[in-house]
Amino acid sequence: MIPDSLQAPLKLVISGPVGAGKTTFVQSLSETPVIATEAEASEDIGKQYTTVAFDFGTLELAGHTIHLYGTPGQDRFDFMWEVLCEGALGLALLVSGQAPQDFLHARNILEFITSRIPVPFIVGVTRQDCENVWSPADVAAYFDLPEEQVVGVNASDPDSARDLLGHLLSLTLSPTA
Ligand SMILES: Nc1nc2c(ncn2[C@@H]2O[C@H](COP(=O)(O)OP(=O)(O)O)[C@@H](O)[C@H]2O)c(=O)[nH]1
Ligand SMILES: [Mg+2]
């Protein structure tokens with residue numbers, strides 16, 4: 001039986017550096033129109049628009065209503081990471097498997113969040129559909145994490161994105177988590 005506390009929407013947060021695939025991931029999964037807060041990028045981050053507050057989407061998964069919050073990637077919005085992770089059941093930290101130059105930043109984001117809010121997390125390595133991409137196992141070694149805590153994903157593929165979320169959910173809802 002599912003405890004009453006879990007009948008309410010479950011909040012999951014998607015974070016990671018700019019370009020990791022956060023917005024794509026939320027858009028792939030959401031069954032309601034995504035609420036996005038994009039603004040023209042104030043600095044050169046390789047694209048014109050970037051997320052300034054959050055991307056919000058909802059879906060049903062394994063009998064739960066999930067509320068998905070994608071965070072901004074830039075450090076100057078780091079206060080939003082903490083705001084969005086408050087009360088979250090789990091965190092997926094996305095990093096592009098084609099951007100090893102962003103791994104350190106990704107680790108810093110993870111450290112920033114988990115040192116303030118003890119939220120269970122997994123790392124998702126995006127762009128697994130592309131050539132010359134880091135494997136989840138190699139990223140696990142880089143992050144010094146157990147291999148089961150790092151999964152590969154194609155953020156633009158709804159099935160792949162759902163698999164990642166299912167993995168996160170099973171981790172956070174398991175009695176040993
Ligand atoms: N092929 C492929 N492209 C991806 C994947 N994830 C993100 N992208 C692309 O990478 C770019 C940046 O993704 P975006 O979701 O805006 O990243 P964000 O800054 O983390 O929100 C977009 O052009 C996406 O289509 C992936 O897993 N596979
Ligand atoms: Mg984005």
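**Close-up views of ligand 1 and its pocket**

**View 1. A side-chain contact between Asp129 and ligand 1 in the predicted model.** In this predicted model, a nitrogen atom of ligand 1 lies 2.8 Å from an N or O atom in the side chain of Asp129. With the ligand taken on its own, its accessible area is 580 Å², and the protein covers 74% of that area.

**View 2. Backbone contacts of ligand 1 with Ala20 and Ala155.** Here the protein partners are polar backbone atoms: one, in Ala155, is 2.8 Å from an oxygen atom of ligand 1, and another, in Ala20, is 3.2 Å from an oxygen atom of the ligand.

**View 3. The shell of residues around ligand 1.** The ligand is surrounded by 16 residues, of which Gly19, Lys22, Thr24, Lys47 and Arg127 are the closest. Sorted by class, the shell is made up of six nonpolar, six polar and four charged residues. Helix α1, which spans residues 22-29, contributes three residues to this shell, and that is the largest share.

**View 4. The largest pocket, in which ligand 1 sits.** Ligand 1 occupies the largest pocket of the model, whose volume is about 300 Å³. The pocket is lined by 22 residues, and those closest to its centre are Gly19, Ala20, Gly21, Lys22 and Thr24. Ala20 thus appears both in this central group and as a backbone partner of a ligand oxygen atom, while Gly19, Lys22 and Thr24 are also listed among the residues closest to the ligand.

**View 5. Elements and residue classes in the pocket lining.** Both helix α1 and strand β3 (49-61) supply at least two residues each to the lining of the largest pocket. The largest share of that lining, four residues, comes from β3, whereas for the shell around ligand 1 the largest share comes from α1. Divided by class, the lining holds 11 polar, six charged and five nonpolar residues.

Definitions and conventions: Residues are numbered from 1 along each chain as its sequence is written. Chains are lettered from A and ligands numbered from 1 in the order in which they are written. This is a predicted model: local features need pLDDT of at least 70, side-chain atom pairs count only at pLDDT 80 or more; totals for chains, interfaces and linings use all residues. Side-chain values use heavy atoms; hydrogens and water are left out. A residue is near a molecule or strand if one of its heavy atoms lies within 4 Å of it. A polar contact is a pair of N or O atoms within 3.5 Å; within protein, one must be able to donate a hydrogen and the other to accept it, and residues adjacent in sequence count only if both atoms are side-chain atoms. Accessible areas come from the Shrake-Rupley method with a 1.4 Å probe; for residues, only the protein chains shown count as cover. On a 1 Å grid over the protein atoms alone, a cavity is a set of points where a 1.4 Å probe fits but cannot get out, and a pocket is an open set with protein on both sides within 12 Å along at least five of seven lines; lining residues have an atom within 4 Å of a point. A molecule sits in a cavity or pocket if more than half of its atoms lie within 2 Å of its grid points. Ala, Val, Leu, Ile, Met, Phe, Trp, Tyr, Cys and Pro count as nonpolar, Asp, Glu, Lys and Arg as charged, and the others, Gly among them, as polar. Grid points are joined across faces, edges and corners, and a volume is the space filled by probe spheres set on the points.
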